[in-house]
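Please open the model in a viewer and keep the selection panel at hand. The tour proceeds by stops, each with a selection to make and a description of what is found there.

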Number of protein chains: 2
Amino acid sequence: MSLTASSTPQGFSTFITNLGIRDTTEDFVFLRSDVPCVADGVFTQSLFAGPSVTISRQNLQDGQAQGIIIISKNANVANGAVGIADAQEIIQLVAQETGIAAENLAIASTGVIGRRYPIEKIRAGLVGMGQKLTAADFDLAARGIMTTDTVSKIAARQVGNAKLVGIAKGVGMIEPNMATMLAFFFTDAAISANTLRQIFRSTIDKTFNCLSIDTDTSTSDSAVILANGLAGEVPEAEFASALQEIAHDLVLKIARDGEGATKVIEVTVDSAANYAQAKRVAKAIVNSPLVKTAVYGADPNWGRVAMAIGKCEDERDINPDQVVIRFDEVQVYPNTFQAENLEKLKEIMSKEKVNIHVSLNIGTDVATVWGCDLTEGYVEINGKYST
Amino acid sequence: MSLTASSTPQGFSTFITNLGIRDTTEDFVFLRSDVPCVADGVFTQSLFAGPSVTISRQNLQDGQAQGIIIISKNANVANGAVGIADAQEIIQLVAQETGIAAENLAIASTGVIGRRYPIEKIRAGLVGMGQKLTAADFDLAARGIMTTDTVSKIAARQVGNAKLVGIAKGVGMIEPNMATMLAFFFTDAAISANTLRQIFRSTIDKTFNCLSIDTDTSTSDSAVILANGLAGEVPEAEFASALQEIAHDLVLKIARDGEGATKVIEVTVDSAANYAQAKRVAKAIVNSPLVKTAVYGADPNWGRVAMAIGKCEDERDINPDQVVIRFDEVQVYPNTFQAENLEKLKEIMSKEKVNIHVSLNIGTDVATVWGCDLTEGYVEINGKYST
């Protein structure tokens with residue numbers, strides 16, 4: 001999709017360019033709000049998180065920000081003290097150029113790890129950037145943060161008089177493939193820091209944190225939201241549901257663009273003892289290489305789903321005799337096999353989005369997670385790269 | 001390898017045949033000791049464990065057994081009450097035919113799940129089996145328990161006057177692929193139940209429980225040991241180290257025969273705070289799809305190893321600045337890159353066994369785990385099968 005002027009939140013501007021981080025495509029995206037924003041961010045839990053993550057986590061702690069720097073093609077991870085100094089210098093340069101206080105800037109990076117930024121090129125490229133900001137081009141921003149994504153990912157909604165737009169990247173290969181997931185949301189709605197934080201975290205938890213491409217966790221995953229308030233207040237519930245829709249939309253776009261993926265897998269686990277249990281079981285299924293290859297092969301192989309549930313060995317209250325497994329609406333376990341179902345099942349497994357539904361019949365909680373199939377393409381993309 | 005008479009423990013006999021479980025290859029293996037044995041078994045923790053696992057777990061609780069039944073090509077899992085009745089009937093039939101008490105028999109199954117045994121064929125095939133037992137043929141037993149393994153797995157050692165032999169199967173595809181791992185050990189050494197239990201569990205924990213092919217856990221994994229005592233006592237430490245060697249040997253054979261595998265990956269994590277931490281980090285590395293594909297592509301991609309360590313987000317005492325990563329003896333992180341190392345690294349990554357070595361520099365504990373690379377072959381084997 002392309003954003004029209006009418007779907008663009010007011011009061012944002014962008015500076016998007018190539019600084020020669022790695023090649024000649026856009027690799028530097030700066031998004032500024034005309035006025036200070038209420039803001040929040042959630043980040044990777046990786047022990048090897050880089051300076052971009054640690055600085056942004058720190059700067060967003062007060063729930064305020066006015067701009068975001070996004071560098072693609074180099075993650076600035078595992079570079080020791082020099083990596084920290086580089087990140088701080090870039091923040092300072094942008095602060096000087098734009099007049100925004102350094103502590104009101106967030107920064108995100110994605111790309112190769114263990115290699116230093118070409119800092120001289122960055123210094124040169126940022127000179128005068130404050131004068132080069134133009135009316136926000138979110139479409140170009142969505143393209144500028146891509147690494148080896150095959151399509152850019154953007155979604156937008158109207159909420160009352162306010163607009164809400166989200167851009168994301170992932171999961172494309174970069175050397176070494178960190179499968180980094182970045183997501184940024186911008187709105188002109190007015191909302192309190194506490195409310196934003198609560199809505200944002202709950203949304204990310206039920207969307208981006210429910211997405212698994214290959215179980216590997218990036219050192220750089222980041223999601224940030226800025227709300228500049230220029231469009232005034234909006235109904236809280238409406239804002240929450242618009243954010244949820246956008247995040248859900250972006251998550252499906254990422255799953256569809258998963259490395260080598262041909263299909264999206266959606267797993268719903270219901271009637272669980274609690275949400276955490278539902279999510280653990282759903283993730284065990286969506287991450288199982290045997291389930292992922294079965295979906296690739298369009299094989300209604302419920303035995304592999306049962307096996308994946310069985311792996312959740314700490315969930316001792318799950319009783320196999322009470323579990324029900326369905327592909328779409330067709331029950332496959334307990335096995336009430338009917339010949340006419342086999343054709344139906346083949347059809348279900350051949351769809352672009354395969355739905356696996358498990359009822360644990362213990363309690364009332366539900367979780368839905370997303371992933372993609374495992375194909376020769378994944379192996380080829382990740383196995384044929386040479387450092 | 002083939003076992004010679006001189007490496008075969010005394011007092012065991014076998015009955016190995018085809019009962020038509022699925023095709024015309026051997027699918028029924030019975031191993032009997034002439035005298036009651038000290039015995040132990042460890043089993044899958046899967047919530048979907050079948051009757052073979054639950055019955056054997058029960059029968060081995062007293063540390064005694066005299067025979068093992070192994071059925072391949074059908075796992076008898078997820079078959080409800082009829083599956084339990086079938087397993088009990090087979091135990092009873094073998095007990096009647098051989099004169100061994102039912103509670104002194106263990107049973108293991110591997111193969112398709114959710115499909116009932118062809119129980120009529122089994123009943124017919126077991127008639128008179130007590131008369132058909134012959135001097136133990138462990139080589140044939142190793143072949144008889146295979147599903148789609150491409151080679152049979154057997155290893156043997158002499159301990160004092162006693163012999164110790166182990167056979168194993170895994171990891172080959174079966175519909176649906178349960179990647180079931182079965183391992184059985186037989187010795188004529190005399191050993192107390194407590195000592196055997198202690199040595200056996202510690203050995204399995206450091207060998208079979210350190211092997212991951214694809215993170216999926218079988219509903220039928222079983223390892224059982226029988227010691228009939230006919231060769232008299234042996235030095236305990238010598239017995240333990242022989243068992244460790246055999247188990248290690250079998251684990252490498254299984255990793256090498258992993259679905260689609262072209263290389264074995266051995267990951268050692270040392271100087272950890274404790275063994276559990278070392279093993280968690282090592283498993284995160286050996287199970288990472290990005291590490292597995294990098295090994296496949298012979299790419300010395302240490303960034304992916306760092307990423308996998310970073311995933312162990314609960315291990316807050318791991319400090320990235322203290323971590324050292326090596327491929328064989330060549331340090332790759334912290335990155336002290338030397339041009340002459342790149343050729344050396346390519347060579348290391350091209351070996352049939354790739355060693356990844358991580359020092360956490362926190363404490364003194366060490367763990368080693370094994371796995372295999374992820375290839376198009378894995379996807380093909382598991383994706384192109386149709387239920």
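How many residue pairs are in polar contact across the interface of chain B and chain A? In this predicted model, the rule finds 4 such pairs, with both residues at pLDDT 80 or more.

**Stop 1: the interface of the two chains**

Select chain A and chain B together, and display the residues of each that touch the other. In chain B, 55 residues are in contact with 55 residues of chain A. Between them the two chains bury about 4800 Å², and carbon and sulfur atoms account for 61% of that area. Now highlight B:L47, B:F48 and B:V379, which supply 16% of the area that chain B buries against chain A, more than any other three residues. The count of salt bridges between chain B and chain A is 0.

Next, colour the helices on this side of chain B. At least two residues each are supplied to the side that touches chain A by α8 (289-296), α9 (302-310) and α11 (376-383) of chain B. The most comes from α9(B), with 7 residues.

**Stop 2: the symmetry axis**

Keep both chains in view and turn to their relation. Chain B is superposed on chain A by a rotation of 180 degrees with 0.0 Å of shift along its axis, at an RMSD of 0.0 Å. That is the relation of a two-fold axis. To place the axis in the viewer, select B:E376: of the residues of chain B, B:E376 comes closest to the rotation axis, with its C-alpha at 2.4 Å. The interface can be read again in this light: 100% of the interface residues of chain B are also interface residues in chain A, so the copies meet through the same surface.

**Stop 3: the two domains of chain A**

Hide chain B and colour chain A by domain. The domain assignment gives domain 1 (3-255) and domain 2 (262-382). The C-alpha centres of these two domains of chain A lie 33 Å apart. Where they meet, 16 residues of domain 1 are in contact with 16 residues of domain 2. The area buried between the two domains is about 1400 Å², with 55% of it given by carbon and sulfur atoms.

Which side chains meet in a salt bridge at 3.4 Å, N to O? Select A:D205 and A:K279, whose side chains form that pair. The count between domain 1 and domain 2 of chain A is 1 salt bridge. Across the same boundary the rule finds 5 residue pairs in polar contact, both residues at pLDDT 80 or more. On the domain 1 side that touches domain 2, the elements giving two or more residues are α5 (193-206) and α6 (236-256) of chain A. The largest share of that side, 4 residues, comes from α6(A).

**Stop 4: salt bridges within the chains**

Over all chains, a search of the whole structure finds 28 salt bridges. Begin with A:K344 and A:E329, whose side chains meet at 3.8 Å, N to O. This pair links distant parts of the chain, 15 residues apart: A:K344 lies in helix α10 (residues 339-349) of chain A, and A:E329 in the loop between β11 (324-327) and β12 (330-333). A:K344 counts as partly exposed, at 32% relative accessibility, whereas A:E329 counts as exposed, at 53%.

Bring chain B back and select B:K153 and B:D257. Their closest N and O atoms are 2.6 Å apart in a salt bridge. The pair joins strand β6 (residues 153-159) of chain B, where B:K153 lies, to the loop between α6 (236-256) and β10 (264-272), where B:D257 lies, 104 residues apart. Are B:K153 and B:D257 buried or exposed? Both are buried.

Move next to helix α3 (residues 119-126) of chain B, which holds B:E120 and B:R123, 3 residues apart, about one turn of the helix. Their side chains meet in a salt bridge at 3.1 Å, N to O. B:E120 is exposed, with a relative accessible area of 56%, and B:R123 is partly exposed at 30%. In chain A, select A:E89, A:E120 and A:R123, which are linked in a network of salt bridges.

**Stop 5: a buried aspartate**

Finish at B:D86, in helix α2 (residues 80-98) of chain B. B:D86 counts as buried because its relative accessibility is 2%. Leaving aside residues up to four places away in sequence, B:D86 touches B:R116, B:Y117 and B:I119.

Notes:
Residues are numbered from 1 along each chain as its sequence is written. Chains are lettered from A and ligands numbered from 1 in the order in which they are written. This is a predicted model: local features need pLDDT of at least 70, side-chain atom pairs count only at pLDDT 80 or more; totals for chains, interfaces and linings use all residues. Side-chain values use heavy atoms; hydrogens and water are left out. Copies are superposed by least squares on the C-alpha atoms of residues with pLDDT of at least 70 in both. Contact means heavy atoms within 4.5 Å. Buried means under 20% relative accessible area, exposed over 50%, partly exposed in between (1.4 Å probe, protein chains only). Domain bounds come from an automatic or database domain assignment. Buried area is the accessible area (1.4 Å probe) that two parts lose on being put together, summed over both. A salt bridge is a side-chain nitrogen of Lys or Arg within 4 Å of a carboxyl oxygen of Asp or Glu. A polar contact is a pair of N or O atoms within 3.5 Å; within protein, one must be able to donate a hydrogen and the other to accept it, and residues adjacent in sequence count only if both atoms are side-chain atoms.
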